[in-house]
Amino acid sequence: MTQPIAIFLSALLLLGACVATNTAPVDNRPFAPVGSLQEITGIYQNRGEGDERYRPLYLSALLWPGDETLHHGDIETIVVSETAAGVLEVSARTAQMTVKSGRYVEGKDFKLEDGRLLLGTQTGMAGLKAGEPLLGAYRQEIELGLDTTGQGKARQHVSAAGLAFLLIPIAADSTEEVRFLRLSAETE
C-alpha cells in the first residue's frame, strides 16, 4: 500500500516545474541614467510597446494597479510633471478629459536609484481569489525611467513559487520590459 503512494509522490515531484520568461520590445534599449526627476517630465503614450505575443501593458496599470475603475485601454496619454522638488504629479488622459491624477513623493512612493524610479516591492499570496491556478507566494518589482533614446521604459519583475492546481510544485520568474513612447518633453 505504501509503495503506490511513494511512486505517486515521486512522479508528482518529477512533474514540478521551473518557468522563466523574459519579454522586451523589438530594438530594446537599456535604461539611461536619470539624474533628476525633471528629466522624465513629459507626455507619454499609455499603451506600451512590448513583446506582441503577450497582453498589452499600460503605464496607467503600473501607476495605479489597484484601481478597478480605470479602463486602461481607453487612456491615451500619461502626463508627468515635477511640481516641487521630489514631487511628481501624474495624470491619465483620454481624448476628452483627465480621468485620474496622482501625486508621487520621492522617499514615500518611489526611490530614485541608479537612474531609475523604483516603485517599491509588492509581496503577497496568490491563489486566494477564485480561478487562480497557483497557490503560493509572489514578489513583484517595478522600475520606471528612460531608455537611451529618451523614450519611457518600464521593467516589471515577478517571481512566484507554490503549487499549481494544488498538486504540482512550481517556481516562476518573469521579467518584462516595455517602452512607452515619449510624445513630448513638455507637459502642455
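Select β4 and β5 to begin: these two strands pair in the antiparallel sense over 7 bridges. Strands count as paired if DSSP finds at least two bridges between them. Strands (E, at least two residues) and helices (H or I, at least four) are DSSP runs, numbered from the N terminus. The model is predicted, so local features need pLDDT of at least 70 and side-chain atom pairs count only at pLDDT 80 or more, while totals for chains, interfaces and linings use all residues. Residues are numbered from 1 along each chain as its sequence is written, and side-chain values use heavy atoms, with hydrogens and water left out.

**The open sheet**

Stay with the pair and pick Leu88, whose bridge partner in β5 is Tyr104. Next add β3, which is joined to β4 by 7 bridges and runs antiparallel to β4. Within this pair, Val80 has Val90 in β4 as its bridge partner. Now go to the turn of the β3 and β4 hairpin, which has 2 residues between the strands. Gly86 in this hairpin takes a positive phi near 80°.

Extend the selection to β2 (residues 42-45), which is joined to β3 by 4 bridges, again antiparallel. Gln45 stands opposite Thr77 in β3. With β11 added, the selection shows an open sheet of 5 strands in the order β5-β4-β3-β2-β11, with antiparallel pairing. β5 and β11 (182-184) stand at the edges with a single partner strand each, so one side of each has no neighbour in the sheet. From one strand to the next the twist averages 25°; axes here are lines fitted to C-alpha atoms, for helices over the stretch in contact, and angles run from 0 to 180 degrees between N-to-C directions. Strands of a sheet pair through backbone hydrogen bonds, either parallel or antiparallel.

**Salt bridges**

How many salt bridges does the structure hold? There are 10 salt bridges, each being a side-chain nitrogen of Lys or Arg within 4 Å of a carboxyl oxygen of Asp or Glu.

Show the side chains of Lys100 and Asp67, which form a salt bridge with their closest N and O atoms 2.9 Å apart. This pair links distant parts of the chain: Lys100 is in β5 (residues 98-105) and Asp67 in the loop between α2 and β3, 33 residues apart. Lys100 is partly exposed, with a relative accessible area of 24%, whereas Asp67 counts as buried at 17%. Buried means under 20% relative accessible area, exposed over 50%, and partly exposed in between, with a 1.4 Å probe and protein chains only.

Move to Glu89 and Arg103, whose side chains meet in a salt bridge (3.5 Å, N to O). Glu89 lies in β4 and Arg103 in β5, 14 residues apart. Glu89 is partly exposed at 22% relative accessible area, and Arg103 is exposed at 53%.

Then select Glu143 and Arg116, which meet in a salt bridge of 2.6 Å, N to O. Here β8 holds Glu143 and β7 holds Arg116, the two being 27 residues apart. Is Glu143 buried or exposed? Glu143 is buried, with a relative accessible area of 14%. Add Lys153, Arg155 and Glu177: salt bridges that share partners join these residues with Arg116 and Glu143 into one network.

**The cavity**

The structure holds 1 cavity of 30 Å³ or more, and the largest cavity has a volume of about 230 Å³. On a 1 Å grid over the protein atoms alone, a cavity is a set of points where a 1.4 Å probe fits but cannot get out; a pocket is an open set with protein on both sides within 12 Å along at least five of seven lines, and lining residues have an atom within 4 Å of a point. Grid points are joined across faces, edges and corners, and a volume is the space filled by probe spheres set on the points.

Select Ile40, Leu59, Leu63, Val80 and Leu144, the closest to the centre of the largest cavity among its 16 lining residues. Its lining has 13 nonpolar, 2 polar and 1 charged residues. Nonpolar covers Ala, Val, Leu, Ile, Met, Phe, Trp, Tyr, Cys and Pro; Asp, Glu, Lys and Arg count as charged, and the others, Gly among them, as polar.

**The pocket**

Finish at the largest pocket, with a volume of about 950 Å³. Of its 31 lining residues, Arg55, Tyr138, Gln140, Gln156 and Val158 lie nearest its centre. The lining divides into 17 nonpolar, 7 polar and 7 charged residues.
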